[in-house]
Amino acid sequence: MDGKPDERFIEGDLTSLIPSTEVHLSLLARWFADPEFVRNWGGQPLTREEVAAKYTGSRRPDVESFLILARTIPVGYVQYASAGPGQGGIDMVLLPQAQGRGLGPDAARALVRHLHTVLGWKRVTVDPEASNTHAIRAWAKAGFQPVSRQGSRLLMECLPAPGGPLADDESFPPVV
């Protein structure tokens, strides 16, 4: 270890994002086997093997996977994937009992800030189900704006504020 902090550890005001690994497999497998947890994440419970293959960091660097912590308590999962130079998408799911407390927007703002300032992304997108008004409101609180509808999904994006370096802009992404 070289003493440098892990730049994949991301801090929000209410949440922290830590890289998910094999150590988290039992927790993630329980979550993704719960029909309520996956209701808006494909709708079908997943096997332990599917979770191990997709959500424990095994797809790095193409997909970066994180646990969302509220203080020290795991409350959700988030991942991002590049869609080309300077852009990509985020997917997030919270435990039902963690929803409605501002944790999702906080985790999203922290991750977007990381993607813009550390990785230099110019465009970050999400695509919640258009019928999931709770998620759409949460993404909007994190600074995402609707762009278009793609079938049953609403494409939303979060762009850097025009005209200034993001690293010096404490107001980005905006807190609504």
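**Figure 1. Ala81 and its surroundings.** Ala81 lies in strand E4, and this is a good place to start a tour of what is a predicted model. With a relative accessible area of 25%, Ala81 is partly exposed, because that value falls between the 20% limit for buried and the 50% limit for exposed. Which residues does Ala81 touch, leaving out those up to four places away in sequence? They are Asp62, Val63, Gly88, Gly89 and Trp121. Take Val63 as an example: 18 residues separate Ala81 from Val63 in sequence, yet their C-alpha atoms are 4.6 Å apart in space.

**Figure 2. Tyr80 and Trp121 beside Phe32 and Trp41: two aromatic pairs.** The model holds eleven aromatic pairs. One of them joins Phe32 and Trp41, edge-to-face, with 5.8 Å from centre to centre and 65° between the planes. Both partners are tucked away: Phe32 counts as buried at 0% relative accessibility, and Trp41 counts as buried at 14%. Tyr80 and Trp121 make another edge-to-face pair, with centres 5.6 Å apart and planes at 90°. Tyr80 belongs to strand E4 and Trp121 to the loop between H3 and E6, so this pair ties together parts that are 41 residues apart in sequence. Here, too, the partners are buried, Tyr80 at 9% relative accessibility and Trp121 at 6%.

**Figure 3. An aromatic cluster.** Phe32 and Trp41 appear again in this view, as members of one aromatic cluster. Who else belongs to the cluster, and which residues complete it? The other members are Trp31, Phe37, Tyr55 and Tyr77.

**Figure 4. The largest pocket.** Have a look at the open space in this view: the largest pocket has a volume of about 680 Å³. Its lining is made up of 33 residues, and Met92, Asn132, His134, Ala135 and Trp139 are the ones nearest the centre. Sorted by class, the lining has 16 nonpolar, eight polar and nine charged residues. Strand E5 (87-94), helix H3 (103-117) and helix H4 (133-141) each supply at least two lining residues. Which element gives the most to the lining? Helix H4 does, with six residues.

**Figure 5. Helix H4 and its buried side.** Four residues of H4 are listed as buried: Ala135, Ile136, Ala138 and Trp139. They share one side of H4, because they cover an arc of only 160° around the axis. What covers these buried residues includes E5, H3, strand E6 (123-126) and strand E8 (153-158). Ala135 and Trp139 are also among the residues nearest the centre of the largest pocket. After H4 comes Gly143, with a positive phi near 105°.

**Figure 6. Two spots with backbone geometry to notice.** Most residues other than glycine have a negative phi, and most peptide bonds are trans. Against that background, look for the cis peptide bond that joins Arg60 and Pro61, with omega at about 0°. Pro61 sits in the loop between helix H2 (48-55) and strand E3 (63-70). The other spot is Arg71, which is not a glycine but has a positive phi of about 60°. Where is Arg71 found? Arg71 is in the loop between E3 and strand E4 (73-84). Is Arg71 buried or exposed? Its relative accessibility is 76%, so Arg71 counts as exposed.

Conventions: Residues are numbered from 1 along each chain as its sequence is written. This is a predicted model: local features need pLDDT of at least 70, side-chain atom pairs count only at pLDDT 80 or more; totals for chains, interfaces and linings use all residues. Side-chain values use heavy atoms; hydrogens and water are left out. On a 1 Å grid over the protein atoms alone, a cavity is a set of points where a 1.4 Å probe fits but cannot get out, and a pocket is an open set with protein on both sides within 12 Å along at least five of seven lines; lining residues have an atom within 4 Å of a point. Grid points are joined across faces, edges and corners, and a volume is the space filled by probe spheres set on the points. Ala, Val, Leu, Ile, Met, Phe, Trp, Tyr, Cys and Pro count as nonpolar, Asp, Glu, Lys and Arg as charged, and the others, Gly among them, as polar. Buried means under 20% relative accessible area, exposed over 50%, partly exposed in between (1.4 Å probe, protein chains only). The arc is that of the directions from the helix axis to the C-beta atoms. Contact means heavy atoms within 4.5 Å. Rings of Phe, Tyr and Trp (its six-membered ring) pair if their centres lie within 6.5 Å; planes under 30 degrees apart count as stacked, over 60 as edge-to-face and the rest as tilted.
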